[in-house]
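Please consider the following structure, which is presented for discussion in questions and answers.

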Amino acid sequence: MSRPPAASTVLSFEEARRVVEQQAALIRAIRIQSSKTESVDLLASAGRVLSERVTADRDLPPFPRSTRDGYAVRSADLSALPAILEVIGEIKAGERLDRIPASIAGGQTASIMTGAPVPAGADAVVMVEYTAPLNHRIEGHRVEITRSVAPGENIVPRGAEAREGALLLDRGFRLNPAAIALAASVGKSRLPVYKRPRVAVLTTGDEIVDIEATPGPTQIRNSNSFSLAAQIQQAGGEPLLLPIAPDELQGLRSLIAEGLKSDLLLLTGGVSMGRYDLVEQALSEMQAEFFFTGAKIQPGRPVVFGRCVPETSAVGTPAGDRPGTYFFGLPGNPVSTMVTFELFARPVLEALAGQAPRSLVFLHARLKKEIRVKTGLQRFLPAILSGEFDHAGVELVPWQGSGDIAAIARATCYLVIPADRECLAAGEWVAVMKSD
Ligand code: AMP
Ligand code: MG
């Protein structure tokens, strides 16, 4: 940690990731208690982060559930086959309790459907396929059974999935379709969730213009604010786009001050070695603390991570009362901006959103064509995944470097090349990070 970053701190990818994860853990420890919550309709809860635990309101399943259509039996009755059993009833799913046989005695069975409660006395269900010869051979109230079953087979005992009161979903869980099904199964039509953190996006650069403007011959439309806004939304935050900052200290400082009023500030551009790359200088002058000022990755090497106490907070709290607002200075090249968000900003944003930590997930695929690179930087290169299972293949997207937005739009993943590898052979299994 340096202040100001006279001595720059360029970390390896793993070190930088660890620093980010440590800060994310601090955010969780300090901020979660004070995070604001709201209640949302279950139908609108996908992707939100639970702020309270969800527990089982009753045993799951609430009765011993048959998992097959067939016959509820005492498994001991099937020691000699075929066995002929007396059919004393039929149990549909949802059958009223008073219509279910009170007990299955030796030599008896009841026909039963998937999802129906297994009556007392029975300890297994024989699939209808093994009741021979199927339904037309049922003579009167008897059935012939041709397969034995182990005790417990085709039955989920009451409470086996969860006991009444058991924890089903912890706070910090990001709601996915399965979690939503679980909440529905215990009758939650609304769920308490954390409010989305506000993330200020500050694009810098004299050449950058708003997308509504007609760019001059040497000007570039601002695309980074929009890719970032989409990534922020995907990660559970609410983007707030600030005006484009000039490559000039005073204007930059005042927009940074504005951005520090949010829960997180993401800057893009102005972090490289150029004479007009002023983001670090502006932040240093504002007494920012820097955790790192670069990472040995490509694209994205100049990425900056730090924290800065706003002069006054949004609600007018004196600066000393606040732990400071985290910021990232993401490199301006559009591919670098996207990659560095995924690798470093996302975990911090997820922590601010109340989400439990999550590790980076790498898939593996076979490399289609040999790759040669220089060692020293861990690379995350835009690539295309194809095929499935053992045939999953990956190849690099031809690109003109990290400014090539058209190339990244064709990519479906990043191919990960460790910093110590010089040559990856065709046919080798390589790590891939999904990028959607
Ligand atoms: P910088 O990191 O400021 O040196 O910018 C690196 C490259 O990214 C330059 O070619 C910039 O024009 C480009 N760039 C910077 N910001 C943006 C942006 N918001 N949208 C699109 N391109 C950008
Ligand atoms: Mg710039």
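The exchange below treats a helix pair, a ligand site and some backbone features. This is a predicted model, in which local features need pLDDT of at least 70, side-chain atom pairs count only at pLDDT 80 or more, and totals for chains, interfaces and linings use all residues. Residues are numbered from 1 along each chain as its sequence is written, chains are lettered from A and ligands numbered from 1 in the order in which they are written, and side-chain values use heavy atoms, with hydrogens and water left out.

Me: How are H1 and H6 oriented to each other, roughly parallel or roughly antiparallel?
Reply: Helix H1 spans residues 13-31 and helix H6 residues 334-352, with axes 8 Å apart and an angle of about 10°. Helices are DSSP runs (H or I, at least four residues; strands are E, at least two), numbered from the N terminus. Axes are lines fitted to C-alpha atoms over the stretch in contact, and angles run from 0 to 180 degrees between N-to-C directions. Angles under 35 degrees count as roughly parallel, and H1 and H6 are therefore roughly parallel.

Me: How many residues of the contact of H1 with H6 are nonpolar?
Reply: With contact meaning heavy atoms within 4.5 Å, residues including Phe13, Val20 and Ile27 in H1 meet residues including Leu343, Phe344 and Val348 in H6. Ala, Val, Leu, Ile, Met, Phe, Trp, Tyr, Cys and Pro count as nonpolar, Asp, Glu, Lys and Arg as charged, and the others, Gly among them, as polar. In the contact of H1 with H6, four residues are charged, none polar, and the nonpolar ones number eleven.

Me: Which residue has a polar backbone atom 2.8 Å from an oxygen atom of ligand 1?
Reply: A nitrogen atom of ligand 1 is 2.9 Å from an N or O atom in the side chain of asparagine 222. A nitrogen atom of ligand 1 is also 3.0 Å from a polar backbone atom of serine 223. The oxygen atom of ligand 1 has its partner at 2.8 Å in glycine 270.

Me: Which residue is joined to proline 299 by a cis peptide bond?
Reply: Most peptide bonds are trans. Proline 299 lies in the loop between strand S21 (297-298) and strand S22 (304-308). Its cis bond, with omega about -5°, is to glutamine 298.

Key:
Angles under 35 degrees count as roughly parallel, over 145 as roughly antiparallel, 65 to 115 as roughly perpendicular and the rest as oblique. A polar contact is a pair of N or O atoms within 3.5 Å; within protein, one must be able to donate a hydrogen and the other to accept it, and residues adjacent in sequence count only if both atoms are side-chain atoms.
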